[in-house]
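Welcome! Take a moment to turn the structure around on your screen, and then let us walk through it together.

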Amino acid sequence: MNPIRCLVVDDEELARTLLENYIARVPGLEPIAFCANPLEAMNILRKETVDLLFLDIQMPELTGIEFLRTLQQKPVVVFTTAYADYALEGYSLDVTDYLLKPFSFERFLQAVNKAGAALQAKTAAPAPQSGSQLPEKDYLLIKADHKVHRIKYGDIIYIQSMREYVAFHTDNGRILSLNSLKQLEEELPPERFIRVHKSYMVAIGRINTMEGNLLHVGKEKIPVGANYRDALVKRVF
């Protein structure tokens with residue numbers, strides 16, 4: 001089995017030293033670099049193949065969560081942090097494990113084993129055969145209230161940004177989740193959803209009428225931002 005190439009990003013020198021010690025004790029782990037901030041890590045990721053990223057969350061200038069959201073191709077990620085409050089958001093970003101500082105070598109090994117299993121699953125995933133088509137995805141998986149909700153696209157009426165949260169307004173009620181409209185714009189199919197305001201995305205099929213700078217979406221009136229109006233009119237009206 002090929003070695004697992006590791007990158008550590010943490011602004012605390014003691015934390016980097018601890019991880020360096022732990023990694024050295026595990027056969028099969030190959031340290032690539034120990035970075036004090038995400039900007040250093042970006043340079044490493046441009047030049048090197050990284051399989052496993054140990055990433056602190058609370059760092060100056062750019063948090064680990066913000067850094068992770070900038071990555072197009074993500075390695076397997078294990079968060080390392082002193083703050084338990086970020087656990088739910090970590091899992092919403094498909095993070096493999098969450099190490100709460102100070103963590104023991106035994107707990108570190110558990111995270112490494114989970115990361116190894118995730119890497120094997122990535123490698124073992126079969127590529128689609130030529131000429132075959134995967135079924136079109138028609139749902140979102142949303143983590144909220146310590147549960148995973150499967151929301152069909154057709155049930156979403158509109159999505160509202162509420163600082164670090166977003167509210168999914170659906171036929172079955174409202175679900176509040178740690179997320180961002182920017183991330184959802186990249187994930188949701190553009191033929192079905194459109195951004196109409198810095199704080200709102202709507203389901204195109206749910207738009208009834210446009211009145212001035214207001215959209216009638218079902219029973220709701222959604223504001224239309226000046227920066228989004230032209231694109232909305234061109235695509236929908």
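The paragraphs below visit a sheet, the helices beside it, a pocket and a hairpin.

Keep in mind that this is a predicted model. A good place to start is the open sheet, where 5 strands line up in the order β2-β1-β3-β4-β5 with parallel pairing. At its edges you will find β2 (29-35) and β5 (97-100), each of which pairs on one side only. Neighbouring strands here are turned by 20 degrees against each other on average, direction ignored. For a look at one pair, follow β4 (residues 76-81): 4 bridges join this strand to β5, and the two run parallel. Within that pair, Phe79 stands opposite Tyr98.

Now bring in the helices. Helix α1 (residues 13-24) packs on the sheet and touches β1 (4-9), β2, β3 (52-56) and β4. The direction of α1 makes about 170 degrees with that of β2. Helix α2 lies across β1 and β2, and runs at about 135 degrees to β2.

Helix α2 (residues 38-47) also leads us to the second largest pocket, giving the most to its lining with 3 residues. The space in this pocket comes to about 230 Å³. Among the residues lining the pocket are Met42, Leu45, Thr70, Lys74 and Lys122. Sorted by class, the lining holds 5 nonpolar, 3 polar and 4 charged residues.

Our last stop is further along the chain. Strands β13 (residues 207-211) and β14 (residues 214-217) pair in the antiparallel sense over 4 bridges, and Ile207 stands opposite Val217 in β14. This hairpin has 2 residues between its strands, and Gly212 takes a positive phi near 65 degrees.

Methods: Residues are numbered from 1 along each chain as its sequence is written. This is a predicted model: local features need pLDDT of at least 70, side-chain atom pairs count only at pLDDT 80 or more; totals for chains, interfaces and linings use all residues. Side-chain values use heavy atoms; hydrogens and water are left out. Two strands pair if DSSP finds at least two bridges between them. On a 1 Å grid over the protein atoms alone, a cavity is a set of points where a 1.4 Å probe fits but cannot get out, and a pocket is an open set with protein on both sides within 12 Å along at least five of seven lines; lining residues have an atom within 4 Å of a point. Grid points are joined across faces, edges and corners, and a volume is the space filled by probe spheres set on the points. Ala, Val, Leu, Ile, Met, Phe, Trp, Tyr, Cys and Pro count as nonpolar, Asp, Glu, Lys and Arg as charged, and the others, Gly among them, as polar. Axes are lines fitted to C-alpha atoms, for helices over the stretch in contact, and angles run from 0 to 180 degrees between N-to-C directions. Contact means heavy atoms within 4.5 Å.
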